[in-house]
Amino acid sequence: MKKSVLSSIVILALFISWTAVPPMVSAGLKERTLMTAVQLPAGFDIHLYTDQVPNARSMALSPSGTLFVGTRIEGKVYAVVDSNGDLQADRVFTIADGLTMPNGVALWNGDLYVSEVHRILRFRQIEAHLEKPLTPEIVFDDYPTDDHHGWKFIRFGPDGKLYVPVGAPCNVCLRDEPIYASITRINRDGSGLEIYARGVRNTVGFDWHPVSGDLWFTDNGRDWMGDDQPPDELNRATMPGLHFGFPHCHGGTLADPQFGSSQSCEQFTPPAAALGPHVAALGMRFYVGRMFPDSYRGQIFIAEHGSWNRREKIGYRVMVARLRGDRVVSYEPFATGWLVGGAAWGRPVDVEIMRDGSLLVSDDKNGVIYRISYRQTQNQTQK
């Protein structure tokens with residue numbers, strides 16, 4: 001038997017044993033298996049930050065280090081705390097329960113903002129009330145109620161406004177209401193709703209370039225055009241009002257069979273990069289930490305949730321989009337191994353940078369947060 005095939009079988013067997021054991025009992029086994037299964041560049045390590053966050057989705061990290069985590073199917077929002085500073089969480093609080101797809105979390109001056117399908121909630125001074133949060137305020141409650149692509153990733157932009165996407169309520173369609181397939185923004189008090197970007201089918205991750213301030217975002221391509229098309233997209237918005245093609249054009253060049261005849265692809269803003277077809281590119285961050293080698297500074301980490309409608313599965317990994325100026329020059333794997341022999345044992349959702357420069361990765365399939373760190377070499381330490 002070939003060595004690569006044998007390794008895949010061993011890894012798969014280890015993860016079957018991992019998922020069969022209760023989380024608290026199997027912590028040591030999970031660590032050993034994780035370090036064996038996930039492949040990283042030389043010098044990087046991966047560990048469990050916590051395994052007590054079922055359906056962990058989007059993340060937001062406070063200046064003091066409290067990690068807030070949204071969910072989709074659990075209806076909960078968590079606060080994850082490392083109280084002794086050993087870089088492994090030891091307490092998890094349930095901030096809210098019974099919400100409708102509270103995927104998105106964002107922080108502003110100590111207040112936690114949470115996105116449901118049709119509204120935005122605010123929990124005042126959340127870190128002072130982790131054990132008993134104050135009753136949330138409704139900031140805005142007039143977003144569409146459609147569940148299809150209704151879960152929302154939210155973040156505050158450099159302008160202090162809250163950016164909130166509204167996905168297309170379908171696989172592919174053209175709705176009269178302009179708010180669908182868009183990225184909106186509102187003031188912190190819920191006023192001033194405006195559409196910032198159009199033609200965005202379903203973004204579940206965005207960030208702002210640390211130098212130019214441009215908004216970059218992932219976008220999930222439509223389904224049922226075949227295994228190999230269309231691509232997911234990495235987009236760049238240099239100003240408000242741009243249209244990124246959906247539903248008329250996909251990937252910058254591919255006309256939609258139903259909606260592409262009336263609009264040419266040339267009239268829309270093309271993607272900064274075409275990603276893999278159906279990889280489900282979700283959370284993304286520019287790396288602004290100082291732990292990783294300098295070659296990662298200013299580059300984009302992207303979590304690929306993985307394909308669900310492709311005969312040969314792809315994705316289920318963390319990628320790096322490398323930039324030269326504002327141009328994407330490569331897109332390469334960073335953390336892989338959650339897909340073994342066509343079976344996925346984990347699904348990365350979001351990425352977040354810790355204060356020490358390590359990278360957190362959420363996994364909603366396993367209900368865990370991973371922490372990826374870098375071991376400095378002796379030469380780097382002496383610099």
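## Exercises on disulfides and cores

Cys249 is buried, with a relative accessible area of 4%. Keep in mind that this is a predicted model.

**Exercise 1.** Work out which cysteine is bonded to Cys249, and which parts of the chain the link ties together.

*Solution.* Start with the sulfur atoms: those of Cys249 and Cys265 are 2.1 Å apart, and the cut-off for a disulfide is 2.5 Å, so the two form a disulfide. Next, place the partners. Cys249 lies in strand 18 (residues 249–250) and Cys265 in the loop between strand 19 (254–255) and strand 20 (273–277), so the bond ties together parts that are 16 residues apart in sequence. Now check burial: Cys265 has a relative accessible area of 13%, which is buried. Finally, the torsion about the S-S bond is 105 degrees, a right-handed link.

**Exercise 2.** Find the handedness of the disulfide between Cys170 and Cys173.

*Solution.* First, confirm the bond: the S to S distance is 1.9 Å. Then look at the torsion about that S-S bond, which is about -80 degrees, so the disulfide is left-handed. Both Cys170 and Cys173 are buried. To finish, number the bonded cysteines in sequence order, and the pairing reads 1-2, 3-4.

**Exercise 3.** Identify the strand that gives the most to the largest nonpolar core.

*Solution.* Begin with the core itself, which has 29 residues; among those with the most contacts inside it are Phe292, Trp338 and Ile372. Several elements each supply at least two residues, including helix 2 (27–37) and strand 1 (44–50). Strand 29 gives the most, with four residues. For a closer look, take Ile372: beyond its neighbours within four places in sequence, its contacts include Phe44, Phe334 and Leu359.

How values were computed
Residues are numbered from 1 along each chain as its sequence is written. This is a predicted model: local features need pLDDT of at least 70, side-chain atom pairs count only at pLDDT 80 or more; totals for chains, interfaces and linings use all residues. Side-chain values use heavy atoms; hydrogens and water are left out. A nonpolar core is a set of buried Ala, Val, Leu, Ile, Met, Phe, Trp, Tyr and Cys residues joined through side-chain atoms within 4.5 Å. Buried means under 20% relative accessible area, exposed over 50%, partly exposed in between (1.4 Å probe, protein chains only). Contact means heavy atoms within 4.5 Å.
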